Amino acid sequence: MVEISSSEVSALEAEAMRRALELAGAPEHPLGPNPRVGAVLLGATGEVLGEGAHQGAGSPHAEVVALARAARRAQGATVVVTLEPCAHHGRTGPCTEALIDAGVRRVVYAMDDPSPQAGSGAVRLRSAGVEVVGGLLADESCALNPGWLRATRVRRPYLVWKVAASLDGRIAAADGSSRWISCDESRHEVHLLRGEVEAIVTGTGTVHADNPSLTARPTIGEPEGPQPRRIVMGVSDIPRDAKVLDDSAPTEHLRTRDVRAVVRRLHEDGVRYGLLECGPRLAASFVDADLIDEIRWYVAPILLGSGVSVLTDIGVSTVTDARRFDVVDTSQVGSDVRIRLVAREN
């Protein structure tokens, strides 16, 4: 994406893009297998003619929703949208044709569509005589869709590993107790994170040791959305009274230790954004396979001295072979410190 100059877009178009990003990121719009997208139609004098946001797989795209609300007023309008309009037939028709048929004059979009089957929308629009400008607030649009972008580029889900550990890297004490290493505020954040992802992956060892629910449980007054799928991997049976087998969320037991096979299965099932909450051995398998895209590490201000380490062996025998991540954010959450890290590009 080439950066655009301020002369290529108006202040009203920049304001409309911020509104489109707000629409795209609204919590009621699911992550799903499709990207979060928002669109705003502007008239000749900058008035808003229609707005729209994509509501999930199979539903009309944001541009089409906005066009429907603008109706005949879309003729000669400017469309401001957070993703390059698609040019392919999927569950819905191509947005490029809908925009051309509506007679829009100009399209301003944020990020390019990286998918080979949907991309080249800008080319199609220009060939039809529509003025097109791309790259306005592209970073902000990308930030709304990390899972979808990663899944599109490498054909697998964007996977976040959540860790709650002591200062000396222990996730449980010597007697196996782990509740509660992190503080209330950290656990609340994790529930919000669970509400954003489409699947939570854990191992049978964690189910036996901790009997977690692995559901998103917001506090009173916060909206409760759809629950993520619970994926339990491992060859051991799950106890019949395990919380992951209750009816609060769907659960699937994949009887394998092959992390790559599990990730492929998730991608085939349409999962684009997943969370890993597990013990040290399974976490090491994901790290060793280079399947971790992001780490949310909650550091509690306690020392345990001995106990269960965050990871088992990942094949690193010298510092030069260390698996390295980049810190993108650090914040104090209650009494804990949250460190957000992303994998370095190979």
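Here are some numbered notes on this predicted model, going from the sheets to the helices, the loops and the charged pairs.

1. Start with the 5-stranded open sheet, where the strand order is 2-1-3-4-5 and the pairing is mixed. Strand 2 (48-53) and strand 5 (131-134) are the edges; each has a single partner strand, so one side of each has no neighbour in the sheet. Ignoring direction, neighbouring strands here are turned by 15° against each other on average.

2. At one end of that sheet, strand 1 (residues 38-42) runs antiparallel to strand 2, and the two pair over 5 bridges. If you want a register marker, take Leu41, which sits opposite Gly50 in strand 2. Helix 2 (residues 62-70) packs on this sheet and touches strand 1, strand 2 and strand 3. The direction of helix 2 makes about 145° with that of strand 2.

3. The other sheet to look at is also open and mixed, with 8 strands in the order 10-9-8-11-6-12-15-14. Its edge strands are strand 10 (251-254) and strand 14 (325-333), each pairing on one side only. From one strand to the next, the twist averages 20°.

4. On the strand 14 side, the partner is strand 15 (residues 336-343): the pairing is antiparallel and covers 8 bridges. Here Val327 faces Leu341 of strand 15. Over by strand 10, helix 9 (residues 259-268) lies across strand 8 (199-203), strand 9 (229-233) and strand 10. Relative to strand 9, helix 9 runs at about 155°.

5. Helix 6 (residues 146-154) is worth a look for its contacts. Its buried residues are Gly147, Trp148, Leu149 and Ala151. These pack against strand 3 (78-83) and strand 4 (106-111), which belong to the 2-1-3-4-5 sheet, and against strand 6 (158-165), which belongs to the 8-stranded one. Helix 5 (138-144) and helix 9 are also among the packing partners. Just after helix 6, Arg155 takes a positive phi of about 55°.

6. Two loop residues deserve a check of their backbone. Most residues other than glycine have a negative phi. Leu137, not a glycine, has a positive phi of about 55°; this residue is in the loop between strand 5 and helix 5. Asn211 is another case, with phi near 50°, and its place is the loop between helix 8 (204-210) and strand 9. Leu137 counts as partly exposed because its relative accessibility is 22%, and Asn211 is partly exposed too, at 25%.

7. What does Arg272 do for a partner? This arginine is buried yet has no salt bridge. The nearest side chain of opposite charge is Glu198, 6.7 Å away. The Arg272 side chain does reach the backbone oxygen of His267, at 3.0 Å. Arg272 itself is in the loop between helix 9 and strand 11 (273-276).

8. Asp313 makes a nice contrast in setting: with 65% relative accessibility, this residue counts as exposed. Asp313 lies in the loop between strand 13 (308-309) and strand 14, and its side chain reaches the backbone nitrogen of Gly315 at 2.9 Å. The C-alpha atoms of Asp313 and Ser285 are 8.9 Å apart, with their positions 28 residues apart along the chain.

9. The whole structure holds 23 salt bridges. One of them joins Asp184 and Arg187 (2.2 Å, N to O), so do check that distance by eye. Both residues lie in helix 7 (residues 184-196), 3 residues apart, which is about one turn of the helix. Asp184 is exposed, at 54% relative accessibility.

10. Other salt bridges link distant parts of the chain. Asp246 and Arg230 meet at 2.9 Å, N to O; Asp246 is in the loop between strand 9 and strand 10, while Arg230 is in strand 9, 16 residues apart. Arg230 is buried, with a relative accessible area of 0%, whereas Asp246 is partly exposed at 32%. Arg323 and Asp288 meet at 3.0 Å, N to O. That pair joins the loop between strand 13 and strand 14 to helix 10 (residues 280-288), across 35 residues. Arg323 is partly exposed at 31%, and Asp288 is partly exposed at 43%.

11. Finally, there is a network of salt bridges, which links Glu13, Arg105, Arg106 and Glu131.

Key. Residues are numbered from 1 along each chain as its sequence is written. This is a predicted model: local features need pLDDT of at least 70, side-chain atom pairs count only at pLDDT 80 or more; totals for chains, interfaces and linings use all residues. Side-chain values use heavy atoms; hydrogens and water are left out. Two strands pair if DSSP finds at least two bridges between them. Helices (H or I, at least four residues) and strands (E, at least two) are DSSP runs, numbered from the N terminus. Axes are lines fitted to C-alpha atoms, for helices over the stretch in contact, and angles run from 0 to 180 degrees between N-to-C directions. Contact means heavy atoms within 4.5 Å. Buried means under 20% relative accessible area, exposed over 50%, partly exposed in between (1.4 Å probe, protein chains only). Lys and Arg count as positive and Asp and Glu as negative; His and the chain ends are not counted. A salt bridge is a side-chain nitrogen of Lys or Arg within 4 Å of a carboxyl oxygen of Asp or Glu. A polar contact is a pair of N or O atoms within 3.5 Å; within protein, one must be able to donate a hydrogen and the other to accept it, and residues adjacent in sequence count only if both atoms are side-chain atoms.
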